[in-house]
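The following note sets out numbered comments on the structure shown below. Each point takes up one part of the chain or one feature of the backbone.

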Amino acid sequence: MTESVISVERNKELESVDNLIYIDKTPFTAVTEGKAEVLFPSSHDVFYNPVQEFNRDLSIAVLKQFARDPPKTKSKAKLANSSENSDTPGISVLEALSASGLRAIRFAKEVPNLSKVIANDRDTQAYLSIQRNVKHNKVENIVQATNEDASLIMYKNRSYKDRFDAIDLDPYGTAAPFLDAAVQSVKDGGLLMITCTDMAILCGNGVEACHAKYGAVSAKIGSCHEMALRILLQSIESHANRYGRYIVPLLSLSVDFYVRVFVQVFTSPATVKESICKLSMVFVCSGCGSFYLQPVGTKTITPHGQKYTPSVGPPIDRKCSICGHSSFKMCGPIWSHKLHDKVFIQKTVQHIEEESSLYNTSKRMVGMLNVVLEELEDFPLFHRIEQLSSILHVKAPSSNEIRSAVLNAGYQVSLSHTSPTSLKTDSPPEVIWDIMRAWANMYPGKKTFELEPSKTIMSKESSIEVSFKLHPDAEPKSRCNNLLRFQINPAPNWGPKCRATTSVNNDKLEKTRSKQKSKRKEKAEENHKENVKRMKGEENDEISSENCK
Ligand SMILES: C[S@@+](CC[C@H](N)C(=O)[O-])C[C@H]1O[C@@H](n2cnc3c(N)ncnc32)[C@H](O)[C@@H]1O
Ligand SMILES: [Zn+2]
């Protein structure tokens, strides 16, 4: 079939969907999720990934809270005068990469106060599917299907009067190519909801690819999933800054095989100047994994106002003061400011709990968001308990034991939602290694400390008195309350799905896709094993009621 024949046939198909009054369900597979029922012509024509229901549920919960009570950093008066605030009641949403239209239809049916939702996909089969599903769900008054390139539709709507209140980007792999358009076509105070599934790149496999896409160097470190979030946020901020805009993250999550961030975008060239202080480079010791942040810039207050200068560094000596190793990896820049707005999250959780029957994944949402609420806000990245102990070749302390030791030493500690064995703290790395040294002396492993880096670490004197006595704050509330904090994913269906196939595939394309598919399958199986391993670290321990106040 030639291209022109295909396009004539597609146009006929488009017209035929447009003229239909109702949809005959018989030739389709119907999938119900939330309040929407979507029809798929075959399992492969249009993209649908059932394991992304959590992503969609969460987006609905966040969008609902945003529509009800958008956090404001500007005065109400200023917002009211803004030329971007139209008189139309309700908020406008663009789902720029919509596939079947499921997410957009769920927005229309489940989020009150929406004036319009544009469900866009450049793929013709997807566009047909959106049209069909919009009709089938009777949301034509709110959802409009469009068949354009995602960036193009955003650029077309970047003038003040046309900007969207919220934009959802849920691409295959990276969202990087869409960021420039997205930061320009969202209103002042508007919401960007962005997914990236290229976790390998964001987590240190292919630093050059990460730099090319996101303008930052990633690293394979224990806290790489939090670093992935911070690299993405840094990238959105940098795109926004070019247009006198800046971001305020409301919620930043690493989930299963992807990251999902919800950020507000504001316009203020004065605040944009602060960005240089919200970004940091990270130095990671190649011997013991200790990490140090170096802000990209510093703000000083002078008698004549504020001054921004490059920060003075590096923050470490050439030789690691802990293990004596003399090489540090430098990564970043990362977003080193807050990842979340906890007041906003608190309200979102409250709403999810009140309406839990509306979401299939409410238990997981509440569990994960409670861990987020417990996260220490101002201390980027973290140690992993099993990595600390493997460097000294000793058994790992339980999370309660090591958390107690940190608290007994006078420092704060929390989990990160990105790992059940995370140890996030405000203590300097020296204190963590004092604790691990004391632990290794109490429970030496079979291996002696003759090799580096354990040799140097164990030869040092501790600067603090270490106590593993159970501290009353060691057990996180989310665990005492038995919340579903870290979910082990079922192996089948788990992972990013392949792109939808179209009716004009050639053999070469098919081969590439099947190669990609088996690669993804391998990766998903690997990730699943890793996840189960991580989970065993903590969630399977008995919770002792005496540890819970
Ligand atoms: C991962 S799927 C979206 C899934 C959907 N958001 C959901 O929740 O079910 C990505 C979609 O983006 C579409 N797409 C890819 N590149 C695009 C572009 N440049 N412009 C518009 N659509 C695009 C694909 O056709 C595909 O349907
Ligand atoms: Zn070191």
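1. Leu-381 is located in the loop that runs between α14 (362–374) and β15 (383–384). Its phi is near 65°, a positive value in a residue other than glycine. As general background, most residues other than glycine have a negative phi, and most peptide bonds are trans. Leu-381 is also buried, because 22 other C-beta atoms lie within 10 Å, where 20 or more suffice for that class. This model is predicted, and the backbone value should be read as a feature of the prediction.

2. A second residue deserves the same attention. Asp-256 is not a glycine, yet its phi is positive, at about 45°. This residue sits in the loop between β8 (245–255) and β9 (258–267). Is Asp-256 buried or exposed? Asp-256 counts as buried, since it has 22 C-beta neighbours inside 10 Å.

3. Two cis peptide bonds should be noted. One joins Gly-332 and Pro-333, with omega about 0°, and Pro-333 has its place in strand β14. Another runs from Glu-452 to Pro-453, with omega near 5°. Pro-453 is placed in a loop, between α17 (429–442) and α18 (454–459).

4. The strand that holds Pro-333 belongs to an open sheet of three strands, ordered β11-β10-β14 and paired in the antiparallel sense. Because β11 (291–295) and β14 (328–335) each have a single partner strand, they stand at the edges, and one side of each is left without a neighbour in the sheet. From one strand to the next, the twist averages 25°. Strands of a sheet pair through backbone hydrogen bonds, either parallel or antiparallel.

5. The pairings within this sheet can be stated in detail. Strand β10 (residues 279–285) and β14 run antiparallel and are joined by six bridges. Within that pairing, Phe-283 has Met-330 of β14 as its bridge partner. Helix α10 (residues 224–241) packs on the sheet and touches both β10 and β14. The direction of α10 makes about 55° with that of β14.

6. On the other side of the pairing scheme, β10 and β11 are antiparallel over five bridges. Here Val-282 is matched with Leu-293 of β11 as bridge partner. What connects the two strands? They form a hairpin with five residues between them, and Gly-289 in the turn has a positive phi of about 80°.

7. Helix α16 (residues 399–408) is mostly covered, with eight of its 10 residues buried. The buried residues include Ile-402, Ala-405, Val-406 and Leu-407, and also Asn-400 and Arg-403. Which elements cover them? Among them are α15 (385–391), β16 (413–416), β17 (419–425) and α17. Just after the helix, Gly-410 takes a positive phi of about 95°.

8. Ala-166 lies in strand β6 (residues 164–169). With 27 C-beta neighbours inside 10 Å, Ala-166 is counted as buried. Leaving aside residues up to four places away in sequence, Ala-166 touches Leu-63, Phe-66, Ile-91, Val-93, Gly-190, Leu-191 and Met-193. A separation of 7.8 Å lies between the C-alpha atoms of Ala-166 and Lys-187, which are 21 residues apart along the chain.

9. Ligand 1 is surrounded by 21 residues, of which the closest are Leu-97, Ala-99, Arg-122, Ala-150 and Asp-170. How is the shell around ligand 1 divided by class? It has 10 nonpolar, four polar and seven charged residues.

10. Finally, the confidence of the prediction. The protein chain has a mean pLDDT of 87, and 81% of its residues reach 70 or more. Over residues 1–11 the pLDDT stays under 50, and the model has four contacts for them beyond four places in sequence. The stretch of residues 75–83 also has a pLDDT below 50, with seven contacts in the model beyond near neighbours in sequence. Where pLDDT is low, the predicted coordinates should not be read in detail.

Key:
Residues numbered from 1 in each chain as written. Chains lettered and ligands numbered in written order. Predicted model: local features only at pLDDT ≥ 70, side-chain atom pairs only at ≥ 80, totals over all residues. Pairing = 2+ DSSP bridges. Helix = DSSP H or I, 4+ residues; strand = E, 2+ residues; numbered from the N terminus. Axes fitted to C-alpha atoms, helices over the stretch in contact; angles between N-to-C directions. Contact = placed C-beta atoms within 7 Å. pLDDT = per-residue confidence, 0-100. Near = placed C-beta within 6 Å. Nonpolar A, V, L, I, M, F, W, Y, C, P; charged D, E, K, R; others polar. Buried ≥ 20, exposed ≤ 12 C-beta atoms within 10 Å, placed from the backbone.
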